[in-house]
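Student: I have a structure open on my screen and would like to understand the words people use for it. Could we go through them together?
Tutor: Happily; let's look at it first.

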Amino acid sequence: MPLTVVDLDPVYGQPMWSLQAAGIQQGNSILYCYGGGDAPQIAVRGDGAVVVSEPTNNGFPPLSVMNIPPNGAGVSYPIPTSTNTMNGKAIDVQCCMGPPMVNVDGTIYVEYEVRNTVNNVITSDTLYLQQINVDNSWPSKVLSSTTQNQALLPGSIIPHGQGGVLATWTISPCCPPNPPAIQYPYRRRTWSLCR
Amino acid sequence: MQVGTPYNLPFSPTTVVFGQSPTIVLGQNGDGIATNGTDAVNGPVVASFSLTSGSVNWSYQGTAGDTLSIIQATVDGGVTINDSNTGVIQLSSTGSPELRRAGRQKVHGSIAIAGVSSALQGAVPLDLSDWISTASGSASLIWSPNGSNNIPTLLAQTVYPMAKGNAQGQSISPFCRRQTSNCVLAPQSDSTFSNPFVPGVQTREVIYELFTLQNGALAPIVGNSQTKITVTEENSTNPNTKICDWLTPLGKCQSLGTYPDDYIVGNTGNFTVEQIFAIDRCQSQVFWPTDGFNSQGFPIQTWYGALSQNAIVTTNWATIQQNSPNMQAGATCSQGCSSIQANGTK
């Protein structure tokens with residue numbers, strides 16, 4: 001059974017729209033692979049549009065906006081992939097998304113990470129802040145980047161009360177099971193909107 | 001977009017887990033309040049920090065093995081948190097656990113813990129007196145009126161006072177804190193009539209309605225029937241007057257969308273009482289009109305808002321006095337507002 005996000009009618013309980021994860025073809029069967037901590041993250045815009053981001057590459061669309069007025073349309077946004085190179089063979093994979101947030105003016109914000117690894121060493125890692133405006137434009141900006149064999153894990157975002165947002169992320173030294181400790185791994189950055 | 005200078009949050013866990021990032025809310029004074037939730041070695045931390053400098057105002061450390069979660073920033077400048085092992089704790093504006101009122105101290109195991117309500121473990125506030133808990137496997141209400149046990153339920157006046165923004169957990173500001181709503185209250189109708197059940201006594205009935213305040217203009221918010229308007233009443237001069245104190249189940253005064261308030265002495269005698277209105281647990285201004293003249297000398301009305309008001313109720317009349325109205329931020333109202341002034345002048 002694929003992982004599915006369903007919006008149920010509040011009166012009759014009938015599905016109004018749904019969003020499903022894709023499976024992986026394995027032999028003659030389809031494999032649905034979900035682990036702990038990878039449930040889709042959801043925010044709801046004031047006009048009823050629903051933002052869904054998927055933290056991992058479990059087959060769920062990385063970023064979607066559903067139930068967009070006036071006709072309830074849905075849009076999935078292309079998030080740049082990461083590259084994982086092992087013994088000279090490179091594959092493109094979807095990396096990590098943070099939880100979405102809707103600012104007081106209806107602008108949607110979410111962080112995503114583009115991580116490139118070579119033989120289990122993170123050669124570059126870039127954290128982006130994706131914005132989806134109420135006019136449906138969707139610019140993104142770099143929040144932070146590193147080539148120090150560290151992952152920049154997307155974190156939560158909140159409005160800072162002056163029109164902009166606070167974006168947080170986690171600096172995670174590579175790689176489990178025994179990564180070196182790092183002091184103050186959680187960082188935040190203030191973004192102000194120029195209008 | 002302009003980008004600020006990044007700085008560190010005040011947490012130093014020994015391990016980092018994917019998908020776990022600090023929870024942050026905005027406190028009453030505009031500072032951030034965050035928790036890292038868990039820290040198996042040092043114990044989790046709740047900290048208040050300046051949004052502009054990142055400097056830490058205060059921090060509260062839990063016990064290793066506990067999970068701390070932020071429920072809400074409160075209007076008194078503090079924050080309500082949940083400790084997975086002990087229960088709900090109210091931290092003051094300086095980060096200290098609030099001491100319980102005399103006679104209301106709860107006991108956790110055999111040890112009395114100042115400022116901790118184990119009865120509210122895992123529960124979340126629903127309104128000014130009820131919390132919802134699913135600890136028993138089904139949703140149940142727990143009675144804990146606003147302010148009892150020193151745990152207030154009025155939210156901080158900021159755009160993100162709760163974890164995940166609003167009570168529904170939609171990662172968006174509460175409805176009335178969004179740019180497009182910016183809610184206040186104003187009388188939609190205001191009438192005085194003889195009470196048919198108490199001969200010789202006048203009733204002043206004011207129907208308060210939800211308005212949006214945009215660029216100095218009030219406009220009614222139509223069709224928002226889910227927004228809960230609540231009133232607390234304090235400092236009554238007549239102890240026999242039934243007021244909305246939220247300390248007894250019968251004392252609740254709340255309504256969805258609009259709030260009708262009948263000012264009447266009944267058979268208990270004259271009284272004066274202070275009223276504080278809240279919309280979805282956010283304290284709200286109530287706007288009343290004042291007569292004046294425009295620059296051309298024509299009579300106009302201007303609406304001014306105040307966060308509390310006194311109702312003075314007698315047998316023959318009832319009048320409202322706004323407490324410290326903001327006279328620097330007058331508003332117009334072209335539709336939906338009653339033109340009767342707070343003192344009853346037409």
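Student: How do you know that chain B is in contact with chain A, and how many residues take part?
Tutor: This is a predicted model, and the contacts are computed from it. Two residues are in contact if their C-beta atoms lie within 7 Å. By that test, 35 residues of chain B are in contact with 38 residues of chain A.

Student: Which elements give two or more residues to the side of chain B that touches chain A?
Tutor: They are strand 1 (2-3), strand 2 (7-8) and strand 3 (23-26) of chain B. Strand 3 of chain B gives the most, with three residues.

Student: What makes a residue on that side of chain B nonpolar, polar or charged, and how do the residues divide?
Tutor: Asp, Glu, Lys and Arg count as charged, and Gly is among those counted as polar. On the side of chain B that touches chain A, the division is 16 nonpolar, 17 polar and two charged.

Student: Strand 3 of chain B came up just now. What sheet has strand 3 in its order?
Tutor: It is an open sheet of four strands in chain B, with the order 3-4-5-6 and antiparallel pairing.

Student: Why are strand 3 and strand 6 of chain B called edge strands?
Tutor: Strand 3 and strand 6 (56-61) of chain B each pair on one side only. From one strand to the next, the twist averages 15 degrees.

Student: How do you know that strand 3 and strand 4 of chain B pair?
Tutor: Pairing needs at least two bridges between the strands. Strand 3 and strand 4 (residues 32-35) of chain B have four bridges, so they count as a pair, in the antiparallel sense. Val25(B) has Ile33(B), in strand 4 of chain B, as its bridge partner.

Student: What is there to say about Val25(B) in the largest nonpolar core?
Tutor: That core has 110 residues, and Val25(B) is one of those that touch the most other members, along with Val46(B), Leu185(B), Ala186(B) and Leu218(B). The core draws at least three residues from each of domain 1 (23-150) and domain 2 (175-333) of chain B.

Student: Which residues does Leu218(B) touch?
Tutor: Leaving out residues up to four places away in sequence, its partners include Ala186(B), Phe211(B), Leu213(B), Phe287(B) and Trp303(B). Cys333(B) and Cys337(B) are also among them.

Student: How far apart are the two domains of chain B?
Tutor: The C-alpha centres of domain 1 and domain 2 of chain B lie 32 Å apart. The contact takes six residues from domain 1 of chain B and nine residues from domain 2 of chain B. The domain 1 side has three nonpolar, two polar and one charged residues.

Student: Let's turn to chain A. What helices and strands are there?
Tutor: Chain A has zero helices and 17 strands. Buried residues make up 39% of its 195 residues.

Student: Why is one side of strand 5 and of strand 8 of chain A left without a neighbour in the sheet?
Tutor: Four strands of chain A form an open sheet in the order 5-6-7-8, with antiparallel pairing. Strand 5 (41-44) and strand 8 (73-76) of chain A are at the edges with a single partner strand each, so one side of each has no neighbour in the sheet. Inside this order, four bridges join strand 6 (residues 50-53) to strand 7 (residues 63-68) of chain A, and Val51(A) stands opposite Val65(A).

Student: What makes the peptide bond between Pro69(A) and Pro70(A) cis?
Tutor: Its omega is about 5 degrees, and the bond is cis. Pro70(A) is in the loop between strand 7 and strand 8 of chain A. For background, most peptide bonds are trans.

Student: Why is Asn136(A) called exposed?
Tutor: A residue is exposed if 12 or fewer other C-beta atoms lie within 10 Å of its own. Asn136(A) has 9 C-beta neighbours inside 10 Å, so Asn136(A) counts as exposed. Asn136(A) lies in the loop between strand 13 (121-132) and strand 14 (140-146) of chain A, and its phi is near 75 degrees, a positive value in a residue other than glycine.

Student: Asn235(B) next: buried or exposed?
Tutor: Asn235(B) has 9 other C-beta atoms within 10 Å, so Asn235(B) is exposed. Its phi is near 60 degrees, a positive value, and Asn235(B) lies in the loop between strand 19 (228-234) and strand 20 (254-256) of chain B.

Methods. Residues are numbered from 1 along each chain as its sequence is written. Chains are lettered from A and ligands numbered from 1 in the order in which they are written. This is a predicted model: local features need pLDDT of at least 70, side-chain atom pairs count only at pLDDT 80 or more; totals for chains, interfaces and linings use all residues. Domain bounds come from an automatic or database domain assignment. A residue is buried if 20 or more other C-beta atoms lie within 10 Å of its own, exposed if 12 or fewer, and partly exposed in between; C-beta atoms are placed from the backbone. A nonpolar core is a set of buried Ala, Val, Leu, Ile, Met, Phe, Trp, Tyr and Cys residues joined through C-beta atoms within 7 Å. Axes are lines fitted to C-alpha atoms, for helices over the stretch in contact, and angles run from 0 to 180 degrees between N-to-C directions.
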